[in-house]
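Trainee: Could you take me through one part of this model in close-up? I'd like to look at the nonpolar core, and at how the chain around it is laid out.

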Number of protein chains: 2
Amino acid sequence: MVNAEDRLMQWLRDAHAMEEQAATMLDALAKRIEHYPDVRAKIEEHLAVTREQSRRLQSCIATRGGDTSTIKDMAGKMTAMGQGVSGMFATDEIVKGAMSLYTFENMEIAAYRVLVAAAEHVGDTATAAVLQGILEEEIEAAETVGAMLPDITARYLTREEATGIEAKR
Amino acid sequence: MVNAEDRLMQWLRDAHAMEEQAATMLDALAKRIEHYPDVRAKIEEHLAVTREQSRRLQSCIATRGGDTSTIKDMAGKMTAMGQGVSGMFATDEIVKGAMSLYTFENMEIAAYRVLVAAAEHVGDTATAAVLQGILEEEIEAAETVGAMLPDITARYLTREEATGIEAKR
């Protein structure tokens, strides 16, 4: 028997670790990109949003009486996933990178749907509102990346078939 | 310089490995669930769809002249991701399991968006049509799981706070 408040706190910490992991992944991804400047710009834009989300989560944790100095949690799991899907340094790196980003955004959407429900379950409407705001940002980000996938694919395949230019990043 | 046809074949094989991995994951997930029969039923339903998708992909590969006997490919990567996100046996297993499923469905959506664009790029409209059909099924599956997340969360938290019943599966 675990208190729903304690479970919410655990999930808030998980989400904070997830955003920190997202920032690391986005930063690494953006720095690798050379020939797709519009993709790089979108990633850098979302990196700034991600850092701000991480700060808002820390504030939710603090408001609910949690200690934000000990946040590490599910970093291992997230790293495993990042390695599993990132596809960085693959020959089709830009395509796999965009797919990973879309997948990661959707993992975040799942996490925030759970978190909003948990905050509502314990009657913390202020926290639920913050989480709902982040959820909407993640949905927008996922839609943006998803809409870019066909174009990135076509550009990658065109570059790959051309002679003397790099396609993968 | 790689031929776009060869790249499409590689991605079709990757997708086939992904669907095989999905079937393994869905089967394991469904078998673990005890107290959420509606969730279990949805997963079993999607398992049947997934097996059918795997067969359709094999048929696409064969039609394009590929060898379906050597399909294994990115199994390692997929396994890493499965381990990273599945959350199976965690104390909040049903919630993490549903989140993983949503994430996996969305990874599949990303893969099929890329595949449809690649098939169109090489002018293979028949393959593109099959892939578009699978993409639409995956979008529907992701929406179904996504819509279930708040309810699963609330039921899990309620069960977890009750005495003498199991919540996690």
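Mentor: Start with the layout: read along the sequence, chain A goes α-α-α-α-α, so to speak a run of five helices with zero strands. Bear in mind that this is a predicted model. For chain A the mean pLDDT comes to 89, with 86% of the residues at 70 or more. That confidence varies by element: helix 5 of chain A has the highest mean pLDDT among the elements of the chain, 97, while helix 3 of chain A (residues 75-86) has the lowest, 51. The model as a whole scores ipTM 0.89 and pTM 0.90.

Now the core itself. The largest one holds 91 residues, and those touching the most other members are A98, V114 and L115, in chain A and in chain B alike. Two or more residues each come from helix 1 (4-32), helix 2 (37-63), helix 4 (93-121) and helix 5 (125-161) of chain A, and from helix 1 (4-32), helix 2 (37-63), helix 4 (93-121) and helix 5 (125-161) of chain B. In soluble globular proteins, nonpolar side chains tend to be buried together.

Zoom in on A:L115. Skip its neighbours within four places in sequence, and its contacts are A:W11, A:L12, A:A15 and A:L131.

Step back out to chain A, and 49% of its 169 residues count as buried. Take the contacts in chain A between residues at least 6 apart in sequence: 74% of them join residues at least 24 apart.

How values were computed: Residues numbered from 1 in each chain as written. Chains lettered and ligands numbered in written order. Predicted model: local features only at pLDDT ≥ 70, side-chain atom pairs only at ≥ 80, totals over all residues. Core = buried A, V, L, I, M, F, W, Y, C linked by C-beta atoms within 7 Å. Buried ≥ 20, exposed ≤ 12 C-beta atoms within 10 Å, placed from the backbone. Helix = DSSP H or I, 4+ residues; strand = E, 2+ residues; numbered from the N terminus. Contact = placed C-beta atoms within 7 Å. pLDDT = per-residue confidence, 0-100.
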